[in-house]
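Work through the exercises below with the structure in view, trying each task before reading the solution that follows it.

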Amino acid sequence: MSSTSNTSTHHTSTIGAIGAPSRRNTELALLVFAVVIPVFAYANVGLAINDQVPSGLLGYGLGLGLLAAVGHIVVRKFAPYADPLMLPLATLLNGIGLVAIWRLDQSERLQARDTFVEAAPRQLMYSAMGLALFVAVLIFLKDHRVLQRYTYISMALSLFLLLLPLVPGLGANIYGAKIWISIPGIGTIQPGEFAKIVIAVFFAGYLMVKRDALALASRRFMGLYLPRGRDLGPIIVVWAMSILILVFETDLGTSLLFFGMFVVMLYVATERTSWIVFGLLMSAAGAVGVASFEPHVQQRVQAWLDPMGEYLKSKEGLIGHSEQSAEALWAFGSGGVLGTGLGQGNSDLIGFAANSDFILATFGEELGLAGVMAILLIYGLIVERGVRTALAARDPFGKLLAVGLSGAFALQVFVVAGGVMGLIPLTGMTLPFVAYGGSSVIANWALVGILLRISDTARRPAPSPAPNPDAEMTQVVRP
Amino acid sequence: MNKPLRRIAIFCGLLVMALLIRDNWLQYVMATDLQDDKNNRRVSIERYAQPRGDIIVDGKEITGSKKTSGSDYEYKRTYKDGPMWAPVTGYASQAFGATQLESIEDGILTGNDDRLFFRRTLDMITGKKPGGGNVVTTLSAAAQKAAFEGLGDKKGAVAAIDPSTGAILALASTPSYDPSTFAGNSTDTDTKAWTKLQKKNNPDDPMLNRALRETYPPGSTFKVVTAAAALEHDLYTDPDAKTDSPDPWTMPDTRTKLPNEGNIPCENATLRNALRYSCNTVFGKVGSDLGKDKMLETAEKFGFNSQQFVPVRSNASIFPTKMDKPQTALSSIGQFETAATPLQMAMVASAIANDGTLMEPYMVDQLTTPNLDTIEKHDSKKMGEPLSKENAQKLQSMMETVVKEGTGTQAQIPGVTVGGKTGTAQHGVDNSEKPYAWFLSYAKLDDGSSPVAVAVVVEDGSANRDDISGGGLAAPIAKDVMKAVIDSKK
């Protein structure tokens, strides 16, 4: 929607089908920063720990640069009008995540653990796979509206993915949460990360069709529009599903994520505040209900209320207590405002999951308040660019999908960062792009791919009309 | 659909805002609390990241630091003559924390004290590895050695003070322990050594600092305090005048006779003779005649009933505040609930030797930077004047009689005037336990100055109870300590 306006004394302006700026060069410039910053950080870690520039610096820099370059070229070619911020931001997060994971690989304390594996090379591989999926999404998904066709297939697929960890022999119970499946020869996969995207497609497709019924057929009661009983069906089904996930997979995070995403999309689709009220009531009821009999959830709540007490109990060797919450808080506190500097903290004291669920604590200690605020703001930016994409999208399905994905992303960041910082009970989730974990990185790159596709569609100028023999610029005469 | 979208945008912004606020709370508001939390392992990691400063006696370090391997903690503490110096240093263990001097001066020793801030900053700029400052003590290596070796296998404690300044010269406690054995944090060696030393596994309780933290019934040595009270409150003014003391003496309000040990001339004995022979009847009656309040006043002036910080805390010695007349009489001869630390009794001797002026006891002379520049130097402080100069000199002459021709002859040093008092404190139900042998004394040089006052207590010497007396067991140790101090001054 551009216009070149002529501020001359003639009150005329010319409107033509001139393309919106694609902003690809902005993206390229930002990407340079997104690669250079992690490379410096990487060198910084090496200098701090071994007093020398790490030998892998070149390889790492080239690897990240290559990923960024491929991403950029593909976007330039296949989604030229896509949002210019999301790719650089995701690259930056992915890059500093790799640095933090590599930094924790250097920790002698973690190396002494039985389960230690060098995580950084794997994460680099996962990042490459994630970018491959990102590229695939942009190349093969020409128009996001195609996904609309697969609404109910998506539902089936997401249910399948969510239930996979419960399949005997396939599911892996790792430290109390049953959200992984283990495939021999490949490793463990967290299907929930992928289900997040698939289920957003289902919600978007479903709500687009049903939104009028859900929005209009309602009774007014005490200032709220109460939906009809039968329209309550879907929300109750999703709610029940979340509860089941919580009960059977003991995964508070995923459960909260799905339900939250659904409520957000329902609200956007129907513009009825009552859904929010219902959503909050139902999630509160569900959470309290499950917490009343599920020991795993109770432990998490206990650890949230009294992390230091849990720490002491854990040190005494009592089963079912974790010192991690307290260790994470100490890591944050010890970082202070400016942090100890990369490679100079002791966040590895957290031990298990230091480079995945708790990776934010490493940033907290080594980059301090300043670093963590920057990272949180980067997440905030990605989310707001996602919502911006939803605002700009021209079709309801695109709007719903974009807001669903961004909302889920925001909730995930909130749940995991809030959990690690002790704002809410801790749930086993990974910080998108930063935390170690193949499923998470790959799925989030796909998520960004879809958002870019929607934003490309939204910002793409309408195709120029067929050439008119009388073609002349339209003259608009202003009074 | 755009209106709810904008609201969702705000909602997401609020989520991020909540995280930012929480982060500020954690990393700004609560940062210091979390950093210094005692369970935060970083505290100890940082503590052991560099060699710890040393504790110095007579210009030589009695501690050291050793690089460790396979541990979070880079350096661990070592001790030279650990068991001998343990009551002075305390311990600094990676696994079990620090106590006493090691704990109190931890800031200086680790180099984290604010007074070392400038130096730390300088080191940071010049790229020098930061180090800890040193703690220079007032102790005398010779005196400590004499005390520790004198106690030998026996259970007991010695405290020696320079009466004119209050500087602590010796502080020994046996049985002792070697803090080096558990300075690290290995569960194999350090934890085992530690466990073995705990009171519940070791009835001798070697980690108890008997010189500062154990209170013993002072027995007859307390008669010195009672004598001081008699002089100060003008009950008797002349040590050589007869006192009004029947023998046997029945305690007021009772029909119980207070016995003397053995057949000694105590009836109406002069104060000098009463002290020389250690007459229970005379001093019991003095205490009873003075009454609880006057006795309490004098005892508290000597430091009873309050903790001392040298800077290591010493338990408060006790002179009971609530008692009836017979109890006052018993308390005045160091029985009933009266209890004193060896340090307290050394303070009593030092106040008398210093002509009535009690100096505040201390053991840290200087705190220094890693390269021995003084940060802080201790100035001697007057703590009080439990008795006048005149009375102090009277008491001195009485105590000197005790050593010259009384129960304390074993403390005599040729060419040196020694004043002292023995004590044999009974304890246990019906005195069933082996008594404590006490000796407190001071030495005086020809120029009238007194370089050392000392208190020795020996718990159950392995001999039978008749053999235990302050004169026999404790006095020789006191003599050796005083001699060591005098010799090292020459």
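**Exercise 1.** Find which residue follows H8(B) and describe its phi, then decide how far this helix is covered.

*Solution.* The residue that follows H8(B) is Gly152(B), and its phi is positive, near 55°. Helices, written H, are DSSP runs of H or I with at least four residues, strands, written S, are DSSP runs of E with at least two, and both are numbered from the N terminus. The model is predicted, and for that reason local features need a pLDDT of at least 70 and side-chain atom pairs count only at pLDDT 80 or more, while totals for chains, interfaces and linings use all residues. Residues are numbered from 1 along each chain as its sequence is written, and chains are lettered from A and ligands numbered from 1 in the order in which they are written.

For the second step we need a rule for burial: a residue is buried if 20 or more other C-beta atoms, placed from the backbone, lie within 10 Å of its own, exposed if 12 or fewer do, and partly exposed in between. By this rule H8(B), which runs over residues 141-151, is mostly covered, with eight of its eleven residues buried. Among them are Ala142(B), Gln144(B), Phe148(B) and Leu151(B).

**Exercise 2.** Locate the cis peptide bonds from Thr174(B) to Pro175(B) and from Val310(B) to Pro311(B).

*Solution.* Take the bond from Thr174(B) to Pro175(B), which has omega near -10°; Pro175(B) sits in the loop that joins strand S9 (168-174) to helix H9 (190-197) of chain B. Then take the bond from Val310(B) to Pro311(B), where omega is near 0°; here Pro311(B) belongs to the loop between strand S12 (308-309) and strand S13 (313-314) of chain B.

**Exercise 3.** Phe433(A) has a positive phi although it is not a glycine, and so does Asn268(B). Is Phe433(A) buried or exposed, and how many other C-beta atoms lie within 10 Å of Asn268(B)?

*Solution.* Phe433(A), with a phi of about 70°, lies in the loop between H16 and H17 of chain A. It has 27 other C-beta atoms within 10 Å, and therefore it is buried. Asn268(B), with a phi near 50°, is placed in the loop between strand S11 (257-258) and helix H12 (271-277) of chain B. It has 16 other C-beta atoms within 10 Å, so it is partly exposed.

**Exercise 4.** Check the length of H17 in chain A and of H17 in chain B against the expected span.

*Solution.* The expected span of a helix is 1.5 Å times one less than its number of residues. For the 22 residues of H17(A), residues 438-459, this gives 32 Å, and the end C-alpha atoms are 31 Å apart, which agrees. For the 17 residues of H17(B), residues 389-405, the rule gives 24 Å, and the end C-alpha atoms are 24 Å apart, which agrees as well.

As for burial, 22 of the 22 residues of H17(A) are buried. In H17(B) the buried residues include Asn391(B), Leu395(B), Met398(B) and Val402(B), and what covers the buried residues of this helix includes helix H16 (342-353) and strand S18 (417-425) of chain B.

**Exercise 5.** Describe how H7(A) and H9(A) pack.

*Solution.* Helix H7 (residues 191-216) and helix H9 (residues 252-270) of chain A pack at an angle of about 30°, with their axes 9 Å apart; axes are lines fitted to C-alpha atoms, for helices over the stretch in contact, and angles run from 0 to 180 degrees between N-to-C directions. Angles under 35 degrees count as roughly parallel, over 145 as roughly antiparallel, 65 to 115 as roughly perpendicular and the rest as oblique, and H7(A) and H9(A) are therefore roughly parallel to each other.

Two residues are in contact if their C-beta atoms, placed from the backbone, lie within 7 Å. Among the residues that meet are Phe203(A) and Leu207(A) in H7(A), and Phe258(A) and Met261(A) in H9(A). The residues of this contact divide into 14 nonpolar, three polar and two charged, where Ala, Val, Leu, Ile, Met, Phe, Trp, Tyr, Cys and Pro count as nonpolar, Asp, Glu, Lys and Arg as charged, and the others, Gly among them, as polar.

**Exercise 6.** Which helix of chain A gives the most to the side that touches chain B?

*Solution.* The contact takes 39 residues from chain A and 31 residues from chain B. On the side of chain A, H15(A) gives the most, with twelve residues.
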